[in-house]
Amino acid sequence: MTPPPFSLSRARFDAVLVDLDGTMVDTLGDFDAVLNAMLAEMALPAVPRAFIEHTVGKGSEHLIRSTLAQVGALAERFDEAWERYQRIYLAINGEHARVYDGVVEALTLWQQAGFQLACLTNKPGAFATGLLERKGLSAFFTLTVGGDAHPRKKPDPMPLLKTCEALGVTPARTLMVGDSSNDLQAARAAGCAVVLVPYGYNHGRSVDDLGADGVCARLDQLVPLA
Ligand SMILES: O=C(O)COP(=O)(O)O
Ligand SMILES: [Mg+2]
């Protein structure tokens with residue numbers, strides 16, 4: 001069942017934590033370019049885009065381990081793969097990525113309405129910061145929290161709880177906006193409300209049945225109310 005429309009009220013919320021990959025920026029082209037360049041350097045076969053789309057979301061280590069397993073490579077090659085992945089990612093970060101429609105409009109509205117905004121992603125912090133800068137989104141965020149900022153990543157609530165603490169807000173007055181079950185589970189466990197977008201990477205499944213507080217087709221449909 002499709003969740004009802006969600007109202008982003010200033011009376012109810014102080015902060016919005018926004019996921020990056022699949023929510024603000026379509027980075028599938030970057031992941032595709034980097035992973036397949038990494039595999040080519042390692043003399044391993046390429047992976048299809050659909051595999052990448054279904055696997056992204058649990059951080060880079062998970063993506064690389066899953067990719068090595070997918071092409072039948074030894075798990076011991078992880079360190080070599082990780083080194084190559086980082087080098088190639090930093091060199092092309094954002095080149096094959098696009099900001100989704102409605103994102104700049106939404107962030108502008110939310111900032112004007114006085115919400116504290118943090119980018120909360122499982123992407124490594126250095127990649128996230130570089131991507132936000134390249135796409136002109138950095139200035140909206142007080143904080144950018146990468147997947148390597150804390151010992152545990154989404155779907156664990158730890159990064160959300162730590163980010164709320166750093167912003168000086170309570171989880172109960174914080175909204176998580178994301179594209180996947182990782183965002184949903186992390187938000188639920190932290191005690192944050194959660195709205196999902198249907199256009200990102202949710203491991204090949206619809207976001208409609210996850211039990212989010214809302215689903216919105218574009219972020220600028222989340223219009224702030226007094
Ligand atoms: O790097 C990933 O696995 C996905 O990152 P995200 O948390 O911004 O969706
Ligand atoms: Mg995401």
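This report describes the fold of one protein chain, its central sheet, a site annotated in a record, and two of its helices.

**Overall fold**

The model is a predicted one, and the secondary structure of its protein chain comes to eight helices and ten strands. The radius of gyration of the chain is 17 Å, close to the 17 Å that the globule rule gives for 226 residues, so the chain is as compact as a globular protein of that length. Along its principal axes the C-alpha trace spans about 55 × 35 × 30 Å. Buried residues account for 43% of the 226 residues, and, of the contacts between residues at least 6 apart in sequence, 65% join residues that are at least 24 apart.

**The sheet**

Six strands, in the order β6-β5-β2-β7-β8-β9, make up an open sheet with parallel pairing. The edges are held by β6 (143-145) and β9 (214-215), each of which has a single partner strand, so one side of each is left without a neighbour in the sheet. Helix α6 (residues 125-134) packs on this sheet, where it touches β5 (116-120) and β6, and its direction makes about 135° with that of β6. Strands β7 (residues 174-178) and β8 (residues 193-196) run parallel and are joined by four bridges, with G178 standing opposite L196 in β8.

**The annotated site**

UniProt, in an unreviewed entry, places the feature "binding site" at D19, D21 and D179. These residues span 161 residues in sequence, yet no two of their C-alpha atoms are more than 8.2 Å apart, so they gather at one spot. The table sets out two of them, D19 and D179.

| Residue | Place | C-beta neighbours inside 10 Å |
|---|---|---|
| D19 | loop between β2 (15-18) and β3 (25-26) | 26 neighbours, buried |
| D179 | loop between β7 and α8 (181-190) | 24 neighbours, buried |

Leaving aside neighbours within four places in sequence, D19 is in contact with L120, T121, V177, G178, D179 and D183. On the same terms, D179 touches D19, G22, T23, L196, V197, G200, Y201 and N202. G178 and L196, which stand opposite each other where β7 and β8 pair, thus reappear here, G178 as a contact of D19 and L196 as a contact of D179.

**Helices α8 and α5**

Helix α8 is mostly covered, with seven of its ten residues buried, namely S181, N182, D183, L184, A186, A187 and A190. What covers these buried residues includes α7 (158-167), β7 and β8. One of the buried residues, D183, is also among the contacts of D19. After α8 comes G191, whose phi is positive, near 90°.

In helix α5 (residues 103-112) the buried residues are V103, A106, L107 and W110. They cover an arc of only 95° around the axis, which puts them on the same side of α5. An α-helix has 3.6 residues a turn, so residues three or four places apart point the same way. The face turned away from the buried side of α5 carries the exposed residues T108 and Q112. The cover over the buried residues of α5 includes β2, β4 (98-99), β5 and β10 (224-225). Following α5 is G114, whose phi is likewise positive, near 95°.

Notes
Residues are numbered from 1 along each chain as its sequence is written. Chains are lettered from A and ligands numbered from 1 in the order in which they are written. This is a predicted model: local features need pLDDT of at least 70, side-chain atom pairs count only at pLDDT 80 or more; totals for chains, interfaces and linings use all residues. Two strands pair if DSSP finds at least two bridges between them. Helices (H or I, at least four residues) and strands (E, at least two) are DSSP runs, numbered from the N terminus. Two residues are in contact if their C-beta atoms, placed from the backbone, lie within 7 Å. Axes are lines fitted to C-alpha atoms, for helices over the stretch in contact, and angles run from 0 to 180 degrees between N-to-C directions. The radius of gyration is taken over C-alpha atoms; the globule rule is 2.2 Å times the number of residues to the power 0.38. A residue is buried if 20 or more other C-beta atoms lie within 10 Å of its own, exposed if 12 or fewer, and partly exposed in between; C-beta atoms are placed from the backbone. UniProt positions are given in the numbering used here, feature names are shortened, and annotations may be inferred rather than shown by experiment. The arc is that of the directions from the helix axis to the C-beta atoms.
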